[in-house]
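Trainee: Take me through the surroundings of the ligand up close, please. After that, I'd like to hear how the rest of the chain is put together.

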Amino acid sequence: MITGVDLTEAMLKIAQKRLQPFSNVCLSLQNVICLTLQEQYDLVFSYGGVWYFVIDGDKEPFLVSHLPSDMDNCQGFAQLAKYVSAGGKLLLGIQGPHYDYEKVIVNGMKYAQKVTACAEGFIKDYYLIDGTETVMAQTIHYRTYSFAEAQQLLATYGFQYQPMEENNNKLFLEFKKL
Ligand SMILES: C[S@@+](CC[C@H](N)C(=O)[O-])C[C@H]1O[C@@H](n2cnc3c(N)ncnc32)[C@H](O)[C@@H]1O
């Protein structure tokens with residue numbers, strides 16, 4: 001069985017549509033901070049979800065979290081750890097760095113994003129602009145952890161980093177649940 005979780009109903013609706021052909025998928029509206037599942041899993045992954053790694057060129061990876069508070073990150077990983085079997089894997093997706101840009105999207109509106117560094121991470125402002133009118137604006141605070149901090153944080157909940165092999169496809173960083 002594959003279980004997918006997200007905090008937002010709208011995202012789950014998109015997932016439901018895309019995953020319709022698969023009968024072994026179950027989707028659930030959940031905040032990872034108080035994640036509750038019915039069973040343990042051998043593999044848990046997040047690609048562009050609550051947690052992911054950013055690798056900027058040949059610099060060390062750093063962890064990005066949608067949860068700005070350290071306490072929430074601890075609670076989220078603690079909950080997640082409950083549902084990963086011993087010897088199971090946690091895969092966290094790898095993305096490129098965030099940067100400012102704007103582009104015209106299919107409906108002719110302009111999408112723009114602006115990234116500002118702050119004490120414990122960065123703030124991202126998102127805009128949807130129709131001509132001279134801003135039809136949507138959203139600001140999200142992201143928490144970041146250096147690679148050493150991330151490994152330490154994950155180790156607290158039993159996840160040990162598994163260094164990548166040379167020919168790995170580099171979509172995810174892998175952690176083993178001890
Ligand atoms: C950048 S979106 C990516 C969604 C999807 N993975 C994709 O690639 O299209 C990040 C997702 O994390 C979800 N999210 C943020 N905080 C969360 C939380 N505390 N618990 C569960 N999901 C959360 C958001 O609702 C959002 O759908």
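Mentor: Let's count a residue as near the ligand if its C-beta atom, placed from the backbone, lies within 6 Å of it. This is a predicted model, where local features need pLDDT of at least 70 and side-chain atom pairs count only at pLDDT 80 or more, while totals for chains, interfaces and linings use all residues. Numbering starts from 1 along each chain as its sequence is written.

On that cut-off, 14 residues surround the ligand, and L7, T8, V32, G48 and H66 are the closest. By class, eight of the shell residues are nonpolar, five polar and one charged. Here Ala, Val, Leu, Ile, Met, Phe, Trp, Tyr, Cys and Pro count as nonpolar, Asp, Glu, Lys and Arg as charged, and the others, Gly among them, as polar.

Now the rest of the chain. It has three helices and 12 strands, taken as DSSP runs (helices H or I, at least four residues; strands E, at least two) numbered from the N terminus. The C-alpha trace spans about 55 × 40 × 35 Å along its principal axes.

Contacts (C-beta atoms, placed from the backbone, within 7 Å) reach a long way along the sequence: of those between residues at least 6 apart, 53% join residues at least 24 apart. Take L90: leaving aside neighbours within four places in sequence, L90 is in contact with V44, V84, F159, F175 and K177.

Notes:
Contact = placed C-beta atoms within 7 Å.
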